[in-house]
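Let's take a walk through this structure together, one step at a time. Keep the sequence and the 3D view at hand as we go.

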Amino acid sequence: MREQGSSQQSYLSASERAAHTGIARMFLWAGSKGAQGSGSERRTFYQKIREYDILEKRRTVTALKAGEDRAILLGLSMILFSAMMYFVLGITMVRSYSDSVWTEESNCTVLNSSIVAEINCSYSCGSECRKSSRFPCLQVYVSLNFTGKVLRLSYNEEAHEAHPECFYIPKCRKDHTLMHSIVMNISERLKTHQQVLCYYDPSEQQDSVLLTRLYGRGAIISSLLWPTCTLVGGTLIIAMVKLTQYLSFLCEQISRIKR
C-alpha cells in the first residue's frame with residue numbers, strides 16, 4: 001500500500017511539473033509573439049514615415065527643378081533678345097556711325113545763308129495717293145576755323161545724301177508757305193549764331209561739313225547699354241542656377257558619405 005501511495009504521489013508531481021512547464025512555455029511563446037508583433041508595427045510606422053519623407057523630398061525636388069527650368073528659359077530668352085537687339089543696332093546705328101566720314105569736330109563761321117532754288121517733293125494724301133509740292137533749298141556756306149577752307153554746310157548725313165546742295169530738307173507738305181517759313185526761320189537763326197560747332201572729314205575728301213551727326217558717340221553708347229544689361233542679366237541668371245545645382249549636388253554627395 002505504501003509503495004502504491006508513493007508511486008501515485010510521484011506520478012502526480014511529475015504531471016504537475018509537466019503542466020507547469022507547458023504553461024510556462026505558453027506564456028513565453030505568447031510574450032515572444034507579442035514582442036514580434038510590436039516590433040513589426042514599429043517597423044511599419046517608421047517605414048511609413050520614411051516613405052512620407054521620400055515623397056516630400058521628391059515633391060520639393062520636382063518643384064525646384066521646374067523653377068530652375070523656368071529660370072534657365074528666362075536667361076536664354078534674355079540672351080536671345082539681346083543678340084537680336086545687337087543685330088538690329090549693328091545694321092542701323094552702328095553701321096551708319098562707322099560709315100560716316102565726318103568724325104572730327106571744329107568751329108565753323110557762317111558766311112552766307114540764302115535760298116537758291118525750289119526742290120520738288122511728294123507727300124501722301126491718303127492710301128495709294130501722293131501729290132507733288134515744292135520746298136525752298138537753303139544753301140549755307142561756312143569757313144572751317146581749323147583749316148580756313150570754305151565749305152558747304154549740311155544738317156546731317158541724310159540731308160547730305162538726299163540733296164547735297166541744300167542745308168535742310170523739311171517734311172514735304174501741301175502748304176508751300178509753311179515750308180518756306182520754316183526754312184527762313186532756320187536761315188535767320190544761322191545768321192544770328194555765326195559760330196557753330198560742325199563735323200568735318202579729316203581726310204579732306206568731302207567738300208561739305210555737317211552741323212550734327214545722325215548717330216553720335218553718345219547715342220551709340222546709350223543704345224547699346226540696354227542690350228548689354230540684358231545680356232549680362234541673362235548670363236548671371238543661368239550661372240546662378242548652375243551654381244545652385246552644383247552646390248545641391250555637393251551637399252547630396254556629402255550627406256551620402258556621412259551615412
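Cys108 is a good place to start: in this predicted model, its relative accessible area is 0%, so Cys108 is buried. Its partner is Cys198, and the two are joined by a disulfide with a sulfur-to-sulfur distance of 1.8 Å. Cys108 sits in strand 1 and Cys198 in strand 4, so this pair ties together parts that lie 90 residues apart in sequence. Cys198 also counts as buried, because its relative accessibility is 0%. If you look along the S-S bond of Cys108 and Cys198, the torsion is about 60°, so this disulfide is right-handed.

How do the strands that hold these two cysteines pair? Strand 1 and strand 4 run antiparallel to one another and share 6 bridges. One place to find this in the view is Thr109, whose bridge partner in strand 4 is Gln195.

Strand 1 also pairs with strand 2, again in the antiparallel sense, and here there are 16 bridges. Follow the chain from strand 1 into strand 2 and you pass through a hairpin with 2 residues between the strands, where Glu128 takes a positive phi near 60°. Further along this pairing, Cys121 stands opposite Ser133 in strand 2.

Cys121 brings us back to the disulfides, of which the structure holds 3. A disulfide is a covalent bond between the sulfur atoms of two cysteines. Cys121 is bonded in this way to Cys172, with 2.1 Å from S to S. Cys121 belongs to strand 1 and Cys172 to the loop between helix 2 (157–162) and helix 3, so parts that are 51 residues apart in sequence are tied together. The link of Cys121 and Cys172 is right-handed, with 70° about the S-S bond. Cys121 has a relative accessible area of 15%, so Cys121 is buried, and Cys172 counts as buried at 15% as well.

The next disulfide is formed by Cys137 and Cys166, whose sulfur atoms are 1.9 Å apart. Cys137 lies in strand 2 and Cys166 in the loop between helix 2 and helix 3, so that distant parts of the chain, 29 residues apart, are linked. What is the handedness of this bond? The torsion about the S-S bond of Cys137 and Cys166 is about -115°, so the disulfide is left-handed. Cys137 is buried at 1% relative accessibility, and Cys166 is buried at 0%. Cys229, by contrast, counts as partly exposed, because its relative accessibility is 41%.

Now let's turn to the interior. In soluble globular proteins, nonpolar side chains tend to be buried together. Here the largest nonpolar core has 15 residues, and those touching the most other members are Cys108, Val140, Val142, Leu144, Leu153, Phe167 and Val209. Which elements supply this core with at least two residues each? They are strand 1 (104–126), strand 2 (129–144), strand 3 (150–154), helix 3 (176–192) and strand 4 (195–200). Strand 2 gives the largest share, with 4 residues.

A second core of 8 residues is separate from this one, and includes Ile119, Cys121, Phe135 and Cys137. We have already met Cys121 in its disulfide with Cys172, and Cys137 in its disulfide with Cys166.

Val209 is worth picking out in the view. Beyond its neighbours within four places in sequence, Val209 is in contact with ten residues you can trace one by one: Trp102, Cys108, Val142, Leu151, Arg152, Leu153, Ser154, Cys198, Tyr199 and Tyr200. Among these contacts are Cys108 and Cys198, the two cysteines of the disulfide where we began.

Our last stop is a group of aromatic rings. The whole structure has 3 aromatic pairs. One of them is Tyr155 with Phe167, an edge-to-face pair with 6.1 Å from centre to centre and 85° between the planes. Tyr155 lies in the loop between strand 3 and helix 2, and Phe167 in the loop between helix 2 and helix 3, so the pair ties together parts that are 12 residues apart in sequence.

Are these two rings buried or partly exposed? Tyr155 has a relative accessible area of 33%, so Tyr155 is partly exposed, whereas Phe167 counts as buried at 2%. Tyr155 also pairs with Tyr168: the ring centres are 5.6 Å apart and the planes stand at 85°, so this pair is edge-to-face. Tyr168 is partly exposed, at 26% relative accessibility. Together, Tyr155, Phe167 and Tyr168 form one aromatic cluster.

Notes. Residues numbered from 1 in each chain as written. Predicted model: local features only at pLDDT ≥ 70, side-chain atom pairs only at ≥ 80, totals over all residues. Heavy atoms only, no water. Core = buried A, V, L, I, M, F, W, Y, C linked by side-chain atoms within 4.5 Å. Buried < 20%, exposed > 50% of the residue type's maximum accessible area, 1.4 Å probe, protein only. Contact = heavy atoms within 4.5 Å. Pairing = 2+ DSSP bridges. Disulfide = S-S within 2.5 Å. Phe/Tyr/Trp six-rings, centres within 6.5 Å; stacked < 30°, edge-to-face > 60°.
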